[in-house]
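User: Please take a close look at one part of this model and describe it in detail. Then follow its connections outward, so that its surroundings become clear as well.

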Amino acid sequence: MTATAAIAAPVPESPLIEVRELRQWFPVGGGLLRRGDVVRAVDDVSFSIAKGEVLGLVGESGSGKSTLGRAILRMSTPTSGQILFEGRDVTKLGRRALRPLRPRMQFIFQDPFASLNPRMTVRQIVGAPLLIQRPELDGAARDARIGEVLRTVGLSLHYAGRYPHEFSGGQRQRIGIARALILEPAFLVADEPVSALDVSIQAQIVNLLIDIRKELGVAMLFISHDLAVVGHLCDRVAVMYLGRIVEIAPTRALFRRPRHPYTEALFSAVPVPDPTIRRERIILKGDIPSPLAPPSGCAFRGRCRYALPECASAVPPLRQVDGGHWTRCIRDDLKLGRSL
Ligand SMILES: Nc1ncnc2c1ncn2[C@@H]1O[C@H](COP(=O)(O)OP(=O)(O)O)[C@@H](O)[C@H]1O
Ligand code: SF4
Ligand SMILES: [Mg+2]
């Protein structure tokens with residue numbers, strides 16, 4: 001892919017986050033693997049997110065979504081590429097230099113139970129970031145802020161003395177969200193934030209996230225395999241396959257007319273609200289290949305029903321098919337995602 005295509009792809013006018021040709025490779029050794037093998041978990045990924053924008057990130061398990069989310073928040077050090085946050089290059093910053101930026105970017109975890117310290121009360125969990133980042137606040141001011149953020153997530157200060165095990169899964173996720181919001185971040189990475197919850201609770205947490213984005217204008221990278229939820233919450237959606245973005249587009253455009261065969265297959269399982277439209281359900285054959293040895297050319301070709309011999313020759317570049325709509329497929333003759 002050409003650098004200009006990659007960088008030009010999804011850059012709004014004043015991006016909050018800009019990711020340029022990001023790679024996160026993991027060396028793996030020992031066992032039967034050859035020395036020098038690497039897992040290319042994230043490979044040449046470029047995109048941006050505007051202030052207040054919610055970008056969905058979808059793709060099968062193992063496609064690199066979590067690794068990408070963690071790298072952007074600098075929970076890891078990328079192998080190469082660049083991450084700009086509010087115009088500042090944060091790719092290489094060390095722990096100390098990152099500290100003042102931490103309040104601006106927060107992570108919401110999939111499993112709220114595992115991510116909350118069982119020996120701390122809600123007040124301590126939610127208030128801990130304040131102790132570190134806002135030491136000038138006294139106890140009363142801290143409690144006022146904790147009460148405020150608990151109200152935002154639908155809990156009351158009344159519960160603040162309780163421990164995580166005293167809450168339901170949905171309430172625990174609310175506590176995790178409160179902790180992420182307490183320092184008024186500009187950007188959140190939410191990594192499958194509802195997939196560990198009962199189906200009946202999922203909608204409540206999704207609605208909470210919708211309210212939060214409306215009220216607080218916080219931008220989000222929303223990682224999910226639930227495409228219906230993504231359609232509900234996100235302004236744009238990026239589809240990942242084997243470490244690369246294979247399609248990125250405004251949500252409506254992507255749902256209405258996917259341009260990449262992988263997206264078409266993923267979306268074929270999503271019910272369409274219009275009962276007059278029926279889609280063919282496309283069953284993807286086989287598993288996602290190993291990121292240790294990705295296929296040459298288009299990484300999707302072994303599972304693609306439209307593959308041609310030339311799909312093997314080079315990694316297809318991201319090409320623009322419409323305003324803000326990019327696909328990494330060489331075929332522009334396909335009419336995908338059409339009703340039966
Ligand atoms: N620390 C690591 N070391 C080696 N491989 C890793 C590491 N983290 C993730 N991977 C591999 O990178 C790929 C992408 O993983 P991940 O980002 O968790 O995908 P997703 O979140 O889309 O399911 C997987 O093949 C996974 O096994
Ligand atoms: S480039 Fe070829 S193999 Fe890859 S998605 Fe397009 S048609 Fe399928
Ligand atoms: Mg993941």
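Analyst: **The hairpin, its sheet and the surroundings**

Strand 11 (residues 319–322) and strand 12 (residues 325–327) run antiparallel and are joined by 3 bridges. In this pairing, His325 of strand 12 is the residue opposite Asp322. The two strands form a hairpin with 2 residues between them, and Gly324 takes a positive phi near 70° there. The model is a predicted one, and the description below should be read accordingly.

The hairpin belongs to an open sheet of 8 strands, whose order is 6-7-8-3-9-10-12-11 and whose pairing is mixed. Strand 11 is one edge of this sheet and strand 6 (105–108) is the other, each pairing on one side only. On average, neighbouring strands of the sheet are turned by 20° against each other when direction is ignored. As a general point, strands of a sheet pair through backbone hydrogen bonds, in either the parallel or the antiparallel sense. The parallel sense is found between strand 3 (residues 54–58) and strand 8 (residues 219–223), which share 4 bridges. Within that pair, Leu55 faces Leu221 of strand 8.

Helix 2 packs on this sheet and touches strand 3, strand 6, strand 7 (187–191), strand 8 and strand 9 (236–241). The direction of helix 2 makes about 155° with that of strand 8. Helix 6 is another neighbour: it lies across strand 6 and strand 7, and it runs at about 170° to strand 6.

Helix 2 also leads to a second sheet. This one is open, has 4 strands in the order 2-1-4-5, and is antiparallel in its pairing. Its edges are strand 2 (37–50) and strand 5 (88–89), each paired on one side only. Here helix 2 (residues 65–72) touches strand 1 (15–28), strand 2 and strand 4, and its direction makes about 120° with that of strand 1. At the strand 5 edge, 2 bridges connect strand 5 to strand 4 (residues 80–85), and the two run antiparallel. Arg88 of strand 5 is the bridge partner of Phe85.

Two residues in this region deserve attention for their backbone. Asp44, which lies in strand 2, is not a glycine and yet has a positive phi, near 60°. Asp44 counts as buried because its relative accessibility is 10%, and the limit for buried is under 20%. Arg74 sits in the loop between helix 2 and strand 4, and its phi is likewise positive, about 55°, although it is not a glycine. Arg74 has a relative accessibility of 8% and therefore also counts as buried.

The helix that lies across strands 6 and 7 leads, in turn, to the packing around helix 4. In helix 4 (residues 122–133), the buried residues are Val122, Ile125, Val126, Gly127, Pro129 and Leu130. Their cover includes helix 5 (139–152) and helix 6 (169–181). Ile175 makes contact with Leu116, Val122, Ile125, Val126, Leu155 and Phe167, neighbours within four places in sequence being left aside. Asp143, by contrast, belongs to helix 5 and is partly exposed, with a relative accessible area of 24%. Apart from neighbours within four places in sequence, Asp143 is in contact with Arg123 and Leu157. Between the C-alpha atoms of Asp143 and Pro78 there is a separation of 37 Å, the two residues being 65 apart along the chain.

In soluble globular proteins, nonpolar side chains tend to be buried together. The largest nonpolar core of this model holds 63 residues, and those with the most contacts inside it are Val126, Leu150, Ile175, Ile177, Phe222 and Tyr241. Helix 7 (residues 199–216) makes the greatest contribution to this core, with 6 residues. A second core, separate from that one, has 34 residues, including Ala71, Met105, Phe107 and Val189.

Finally, there is the setting of ligand 2. Of the 13 residues around ligand 2, those that come nearest are Cys298, Arg301, Cys304, Cys311 and Cys329. The shell divides into 10 nonpolar residues, 1 polar residue and 2 charged residues.

Terms used: Residues numbered from 1 in each chain as written. Chains lettered and ligands numbered in written order. Predicted model: local features only at pLDDT ≥ 70, side-chain atom pairs only at ≥ 80, totals over all residues. Heavy atoms only, no water. Near = heavy atom within 4 Å. Nonpolar A, V, L, I, M, F, W, Y, C, P; charged D, E, K, R; others polar. Core = buried A, V, L, I, M, F, W, Y, C linked by side-chain atoms within 4.5 Å. Buried < 20%, exposed > 50% of the residue type's maximum accessible area, 1.4 Å probe, protein only. Contact = heavy atoms within 4.5 Å. Pairing = 2+ DSSP bridges. Axes fitted to C-alpha atoms, helices over the stretch in contact; angles between N-to-C directions.
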